[in-house]
Amino acid sequence: MAESDPTSSSKTPAGGEPDSTRRPGFPGFQRRVLVLLVLVGLAFGCMVSRLVWMQVVSGDEYTEKARQQRRYIKILDAPPGSIVTSDGSVAATTEGTFNVAAFLPDLDARFAAIDILVWYARPNRRTLLKRMLELGDAVATSADPGTARLFALRLTPKCVKLIRKAAEDDSDLSASIIFRKNPADRELFDLYLDYDRLMAKSFRTIEALAAFLGVDPAPLHRKADDTARKIFRLTNSFEYRARRETPVTLVKSVPERTAFELGVRAAEFPGIEIQTDQRRYYPGGQFACHVIGYAGVLSPPEFKKLKAGGRIVWRGPKRFSVLDAMREGSVFFANEAVGRSGIERSFEGILAGMKGVAISERLATQASPVVHEMIAPVEGVDVHLTIDSEMQRIAEQVFAEGEGGEPLAGAAVVLNVNTGAVLVMVSAPGFDLNSFRNPREYEKLKEKPSPFMNRAISAPVPPGSVFKILIALGALEENAISDRTHIRCRGYLHNPDAFRCRNHAAWLPPFGVSEALCRSCNVFFYTAGERMNAGGGVRLQEWARMSGFGRPTGIDLPGEKGGTVPDLGWKKKRLERAKSRLAELRAKEKKLKRRFRKAHEEYTRLCNAEPETKESVSQIRKVENKLREFDRELQKLYARIESAEKRLDWAQKDSFWTKGNDRLLGIGQGGVLVTPLQIARFAAAIANGGKFYRPHLLAADGRNYLDWRIDFSPSALAAVRRGMVMVVHDSRGTAHHRRDENGNRIPSALSMLPVAAKTGTAETNRVKGLNQAWIAGYGPIGNPEIAFAVTVENTKGHGGSVCGPMAAQILAAYFSRREGP
Amino acid sequence: MSITAFGAHIKARRFAGRFNWAVAASTAGLLALSMAFIFSASFHAATQEYARVAKMQVIWIGLGLAAIFFLMLVPLRLLRESAPWIYAASLFSLVAVLFIGTVHKGSTRWFALGPVHVQPSECAKIATVFMLAWFFAKNPERARTLRGLAAALAIALVPIVLILREPDLGTAMIFVPVTLAMLFAAGAKKRHLALFIACGIMLVPLGWLFVLKPYQKGRLLVFLDPDNPRQAMKKFLSEDELKRVRFADGYHLRQSLMAVGSGGLTGKGYRRGTQNTLGYLPERHTDFIFAVLAEEWGLIGCLVLLGLYGLLIVGGADAAARTSDPFSKLAIVGIIAIMATQVIVNAGMNVGLFPITGLTLPLLSYGGSSMLVSLAGIALILNFDLRTEREIPRISDK
């Protein structure tokens, strides 16, 4: 064709050749066809260049898009490890549970009705759903509910006509068009005409389910309906399909038996199914609650902290890019429970294991995905604790029984003196790890004094006379006193002054150091403290710090506090803090006042403005409320300022270091704060000859936990130990005897045990006469194995009377087992 | 015996020389591709099963080849003289389908004849081409007068209006370039054609306002921005129309673009297309068969496909240029124009150059009516080529 001459062909008919007269042709036909071919060629050229652009130049971009669309990631959970005590009893574990869930398309007839209507009547799904929800909320006052409902849905008139016709006449052609003669569809259509009937199935099923499970049906109804509504509102049809296929959990953790029965009677509960789930379970309930801790969902700031600590936190949806993060390390998801306190927190990493991931090719249709690549999850490792479950249980019981049935608040710690292993760690009051999140339970817990605080490590309190062990030892080591030093106590230091001693009779001969410990004589230790720091030194504080006070012990639990060892620097810091705090509050006050004034100005302006309209009245209300709120805030602020002023006043008055301070330190008061764990470790060091082990809960990991050791001189150590033995076993000792109901002296339970101890009673509230009672010591006397510290807060009793018997009960378990049954 | 044998030999030589091998070969190639890719598109990864369509397509192709054989036997005169009757019959079927057709996805395009569905608008395309060819062949001078052209336009407009009533915008629009191509080939004056085109352009706003339904507008607008179709619609549609736009979320276009684009130069391999086998690509065996091929065979496959279509079109144009019978000339141009337009529009919508309409890819897409009509068109080209005198004889004829 290309070689044909267009001019010749167009001229032949005009030339009057015989062939063209016989059969008239189209002039210039070939040329015109050629033009058309060129046009087609141009179009093909465009197509090819477009294809080159799409497939070669930007092919990778489309490939990635398609890949992201079809790949889908499933996170595989790793079963977390258990927490086991030294004698093998399980304190925390993960168990399978059964949840009752609703498969909404089977439960809620609205889903089916919507599908059918969207398919046959073809209204926009979203508008249909919206109308439908409105309908469910406020319809059915009309005389002809069917018509009213149809019009309320605002379908096209043609559609309404068709539906009406179909409803009236079964044999009508339109009915067959709409319902394809499927009786099931027609039934749903009838249901759809009547919203109440539409909802009846779901209503009935949930009522039956609630009755079966014995729970309140209202929240179940609400949950199912709310979820359905949320799904209806989705605009993305993929998301819509995916969400409606996902069952909704209605009731969590039903008993196995119930789950089984529900499965058997599945026909009675259409749309209800059983899901398996896992949950953290604590067989002991309240057992060692502060040590074990709990897991929970983290708050955003906590997440940030985790991230800062090098953990990878995934907050977004589970997209493809999470993979890279998972390859790097352990990933946490924002909605996931993470260990929040205790062992659950500090050993989170090994308990949790590593999550796995399955990458699948997802089909556009809802069939199951084909697994393509998988990183298997790594199971969590069990954590074995040094906790002795028998002693721990007894210790908890002791606190719960308390004095005459009144539970006590306090803490107890028992350590192995040769390793630093924690055998007992109790903080009372405790809480039930399984049920404390239950709102009713939580309300009850709120009435107790800070049940979630681990008093053994995170609540420093004044040690009182227990501190005298340290003073005695320090003073002997510093040669402030010697074995022969005897000090007479007449009930007060010099004259009848503030430095009193009421721990023993006032007419006794002078005491040596052991007897002073035995009788807990204040005057002796006022003197010892004063002498240690003679000439403005800080040897006393140095000894306290050397013995591990004033800083955390480094136990493997989160939230440990170090306590305070006061000196002049501390006082100055305290003053600075008080000053800056007051300044802060004053600035706040100023700001608040300015805002208050502004609001007030606006108020007067509004009140004077004319004329009064509806809006202006409501605005005045608003401003009034604002003013009232400002006022309340100001009142609160003033109270805080007042207390801050008082504190500053006190800090200013007390900003010098005096002899009195040294003396008070000598009896463990005057600002010194310690934790029971520190005291127990110090007692252990006395027992083992000056070795300070780091207390730990993780059992048998082969590490040497010795942190440092002090070479106490044997004579000093002997004197102190002798004093501590006398406390329990000498008839003058503060823990040797107790009074029975008739006021007769009888030997205390503690004195039956081979232990040495020191009692202490620190005044915490002089007005109410409340004390912090203490007892700390070690045993057996000759060859020490364990050290202990027991403290009770806000008690009217004394260390010997309150803590002594408690310690005796806890230790009795140990010694009876040691001697064999 | 020997004379008869010699005569047969001469006949065979004449047949071989006159038979349009280019059209036949490209058709055979396209049919082979059709079977291969409909087989691929019928695979379902979830169930590892093949849908029925592959088997059905083989049946349609078989029937189509039988139709070719049958149509090759029909004398040219009979075809020419029956053109008005064919046209009338097709108009009747277009009217009838509006009343007794089956409703599917909102439009009435099909007759249900037992298990198969017949689409009369497919036949109407060829019938209209025949009618126009007959009309101009009667008196070629008609192409050069405005009256004659107006009459030809009326011939085309009747089926257009009927098809728009179904509604089937895509098929109706096919008639426009086909008619224009035929008018042009018949020798219409350029100023007349320009006048028609100008009128047509002026009618576009009217069509937008009065003829198009909101969902049709929506689909046209999706094409502007497939990733965010709602944005474009908000600009061009009223509040009320916006509410009635449905099924225009750009899903089809996005999936098709991903399929074509991810094919790359050499493709992902036969039956390894993820967009195809995992079911992301909608209507993959009909409207988007091009995307399936583009995904699995890449740019190279596309070039092979377009080359085959090019060979078909050039071969057809060659036949039109060489035959001496005016009716055949115009009919061939019309049939080729139908094919070319469908190829350009369908492939164009697969790669995002055209808005998505329900047009099939001739000879490749699944569908009985489409396949039969396409093959009938091919048969007619071969028939005309074989039976008419040559204006410009081939070398083999001499």
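Let's start inside chain A of this predicted model. A:Ala288 has 29 C-beta neighbours inside 10 Å, so it counts as buried, the cut-off being 20 or more. To find A:Ala288 in the structure, look at the loop between strand E5 (272–281) and helix H16 (289–292) of chain A. What is the sign of the phi angle of A:Ala288? It is positive, at about 50 degrees, although this residue is not a glycine. That is worth a pause, as most residues other than glycine have a negative phi.

Chain B offers a residue to set beside it. B:Glu283 is not a glycine, and its phi is positive, at about 50 degrees. You will find B:Glu283 in the loop between helix H13 (274–277) and helix H14 (289–322) of chain B. Is B:Glu283 buried or partly exposed? There are 18 other C-beta atoms within 10 Å of B:Glu283, so it is partly exposed.

Now let's turn from phi angles to peptide bonds. Most peptide bonds are trans. Back in chain A, however, a cis peptide bond joins A:Ala428 and A:Pro429, with an omega of about 0 degrees. Where does A:Pro429 lie? Its place is the loop that runs between strand E14 (422–428) and helix H22 (439–447) of chain A.

Further along, A:Gly779 and A:Pro780 are also joined by a cis peptide bond, and here omega is about -10 degrees. Follow the chain to the loop between strand E20 (770–779) and strand E21 (786–795) of chain A, and you will meet A:Pro780.

Conventions:
Residues numbered from 1 in each chain as written. Chains lettered and ligands numbered in written order. Predicted model: local features only at pLDDT ≥ 70, side-chain atom pairs only at ≥ 80, totals over all residues. Helix = DSSP H or I, 4+ residues; strand = E, 2+ residues; numbered from the N terminus. Buried ≥ 20, exposed ≤ 12 C-beta atoms within 10 Å, placed from the backbone.
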